[in-house]
Each structure stands twice: as C-alpha cells, then as structure tokens.
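Good morning, and thank you for making time for this presentation. I would ask you to look at the sequence and the structure together as I speak.

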Amino acid sequence: MNTLTKLLIVEDDRELVEVYRKVFQNDYDIYVSYDGEEGLIKAANVLPNIIILDIDMPKLNGFEVLKAIRANIDPDALVVIVSNLGEEENIKKGMKLGADDYLVKANYDPIGVFKRIKQIYSGKKSS
Amino acid sequence: MDPKILSKIMHEIRAPLTAIRGYISLLSEGSFGKIPEESKEVLEKLHVDVIKTIYRINDFSALLKCENEHEEELQKNESVNLMQFMNLIVDSYKTEEEKAVEVEYEISGDESIQVKVPVLPLKFVLSFLLKHATRVSKKGSRINIQILKKDNLCQILIKDAAPKIGNENIKFLFEPFSEKGDVEGSSGLELFNCQKATNYLPDAKIGVLPDYDHGNTYYISLPFNN
C-alpha cells in the first residue's frame, strides 16, 4: 500500500513540472495537471494532501482553481501558490482565497520550494 | 511599446529561466549523477548568472510598472509611520525572494516618525534599497535599518554587509549596469530604480554615506512635515 503523501502539481510549464517531479519524487506520490480545469478534476479525484498551484494557466487560472478547491473539494489541503505573478495584489488575493503560502516562482529555487513545503506541511500536520 | 506586451515578453523570458535554475540546482546536488569538481564550479557560475538575469527582468518589470502608473497614483499623499511602513516592506520582501530568508534584518530608531509622502514611490524606493542590500550581502549576515530624525529631515539608513565600495566609485552606483559601481549579487538596476522613483518624492535625497569601516550605508532623506 502506498503511504506517501499525495502531492498534486498544477502547472502549465512542462519543463518546470519535470524539475518539480525530480525534486519531490522520493518523498511524495506525485500527480500532475497542465491546466487549471484538469487540476480541479484531479484534485477532486485524488484528494491530494498538498497542491502546488500556478496562477497564470490555460482554461482556469489558479485563483479560480483555489476558490473551487476551498469551496467544494477540500478546505484543509495544503495549497502553496508558486507563481511568477509577484505583485502584492496577487499575493494578497491568493492568501485571501485560502492559500497556505505564496512563493514567487522565479525567485525560489525548486529545491527551496521543496524545503518550504516540507516545513509548512509538518507544521500544519502537528497543529 | 505597449507596456502590457512588454510585460508579457518579460514573463515569457523569465519562465524558462525558472526551469533552467531548477535543473542547475539538481545537477549541482548530484540528482543526475556525480559530477566533477570543475563542473560544479561552472554550474555555480551559471546559477549566479541565471539568478542575476531573473533579478534584472524583475527589476526592469517593476520599473516599467511604476513608470506606467497613473500620475495621480504616484502623487497620492498619505500619512505614514516610517517604522511600521519599513516593517511591512521587510515582511513582504521575505516571501518575495529566497535570499531574503537567508539574511537577518534589524530595524531600529524612532518609532514615532510620521511623514506625509507619495506612498507608492516611497515604497518602491525602500523596497529596492532593501533588495540591493540583501542581494549583495552574504548568507547569514545582518542588514541594519535605522530610522532617524535629524533637524527637519527624517532619514532611513540601510546598511548592507557587502565589501566596502571605494569612495571613488560611489558616484557610479546609481547608474544602470555600471561597471565601476558593480557589486556582486546586484542586478545592476536596484539603485537606478531607487533614484528614478525618488524623483516622485518632493525634496527627497538618496545617496550613500562614504565613511563606514565595513558595509555600505544607503540613505533616503525626506522633509519632516508632521
């Protein structure tokens, strides 16, 4: 039986997904969606413990996905937005919609993203 | 060119760099197998260059965004408590750049100073002074921020932990991509951005204090108009 924590990556940059996959593969059971709509469907089917969510994506953007996840799928899953949209209004919007953290993609090394997620998730589990 | 198109171009240039940066880190960590020491050095140089390029794109995008703000937004005065304002800037910067969690910030000075200023340009200037100080300082070092009242001026001093810049080069620091003012870690644009935005702050001055033993202290002074 697979006991690894389920991690869903919702990200349209396929190269970056491959980097994340490599970084996270030993510690997590990884699921991937390349657009917002598919991400939402996969979130409902898989019920991941952790979601890495991009914002600027085809079909549904990350804000819409997050809103739907929080309202209809899982209010408690750890959702970390990792986006290149670094403006304050976007960060505030993401946090207001229920993200657990918001990292500006270009400024965070994927290994840094991995460390941050591990840290937040262990904090969330123990609280 | 339409700023929206320029912004889109910036985004498209930046996006692949994120993956490239990730691959370089993975290679360096040995995720694709052991690599020789000489290759590690090359990868480290590539990593530094990629980060510098990302910083340049980000800083240029920020400048474009600031310059395309409506004039009334840039001139909108608000009363600001400088200590609280600086704390907010530091806090939000910590989520913005990975480097910001690798240094310490110490903010001290007069907690009562309140100024009425165009808040958007002030935020821009302080954010970029902070970015510059952080990027040029080594991991684990401390950046000191002081808020002072001096005669009829308030001063915000930000002291980095970078090697001292020779007094002869200070005048080049605010030029974009200046070779003489080049400091390791800097995008070459932070201080240029600061100077551009200072133009929107009436009677404000920005500069570098020349005579400290180590580190470099940047300041912005504003008329005290409480």
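I shall describe each chain, then the contact between them, and finally two residues of chain A.

Please bear in mind throughout that this is a predicted model.

Let me begin with chain A. How many helices and strands does chain A have? There are five helices and five strands in chain A. Along the sequence, these elements of chain A follow the pattern β-α-β-α-β-α-β-α-β-α. The radius of gyration of chain A is 13 Å, close to the 14 Å that the globule rule gives for 127 residues, so chain A is as compact as a globular protein of that length. Taken along the principal axes, the C-alpha atoms of chain A fill a box of roughly 40 × 30 × 30 Å.

Of the 127 residues in chain A, 54% are buried. Among the contacts in chain A between residues at least 6 apart in sequence, 58% join residues at least 24 apart. Chain A exposes about 5,700 Å², with carbon and sulfur atoms supplying 48% of that area. As for charge, chain A has 17 positive and 21 negative charges, and the mean positions of these two sets are 5 Å apart.

I turn now to chain B. Chain B has six helices and seven strands, and from the N terminus on, its elements run α-α-α-β-α-β-β-α-β-β-α-β-β. For chain B the radius of gyration is 19 Å, close to the 17 Å that the globule rule gives for 226 residues, so chain B is as compact as a globular protein of that length. The C-alpha trace of chain B spans about 60 × 45 × 30 Å along its principal axes.

In chain B, 48% of the 226 residues count as buried. Residues 24 or more positions apart account for 73% of the chain B contacts with a separation of 6 or more. The accessible surface of chain B comes to about 11,700 Å², and 51% of it belongs to carbon and sulfur atoms. The 28 positive and 35 negative charges of chain B have mean positions 0 Å apart.

Next, the interface. The size of an interface is often given as the accessible area lost when the parts come together. What is the area buried between chain B and chain A? That area is about 2,100 Å², of which carbon and sulfur atoms give 54%. Which three residues supply more than any other three of the area that chain B buries against chain A? They are Thr18(B), Thr95(B) and Glu98(B), which supply 25% of it. The contact takes 24 residues from chain B and 24 residues from chain A.

One of those three, Thr95(B), leads us to a residue of chain A, for Thr95(B) is among the residues that Tyr102(A) touches. Tyr102(A) lies in strand β5 of chain A. Is Tyr102(A) buried or exposed? Tyr102(A) counts as buried, at 1% relative accessibility. Within chain A, Tyr102(A) touches residues including Ile55(A), Ile81(A), Leu85(A) and Met95(A). Tyr102(A) and Val79(A) are 23 residues apart in sequence, with their C-alpha atoms 8.8 Å apart in space.

My last residue is Gly98(A), in the loop between α4 (88-96) and β5 (101-104) of chain A. Gly98(A) is partly exposed, with a relative accessible area of 23%. Leaving aside neighbours within four places in sequence, Gly98(A) is in contact with Leu66(A) and Arg70(A). Gly98(A) and Asp109(A) are eleven residues apart along the chain, and their C-alpha atoms are separated by 23 Å.

Thank you for your attention.

Conventions
Residues numbered from 1 in each chain as written. Chains lettered and ligands numbered in written order. Predicted model: local features only at pLDDT ≥ 70, side-chain atom pairs only at ≥ 80, totals over all residues. Heavy atoms only, no water. Helix = DSSP H or I, 4+ residues; strand = E, 2+ residues; numbered from the N terminus. Rg over C-alpha atoms; globule rule 2.2 N^0.38 Å. Buried < 20%, exposed > 50% of the residue type's maximum accessible area, 1.4 Å probe, protein only. Contact = heavy atoms within 4.5 Å. Areas by Shrake-Rupley, 256 points an atom, 1.4 Å probe, with all protein chains shown as cover. Lys, Arg positive; Asp, Glu negative; His and termini not counted. Charge placed at Lys NZ, Arg CZ, Asp CG, Glu CD. Buried area = accessible area lost by both parts, 1.4 Å probe.
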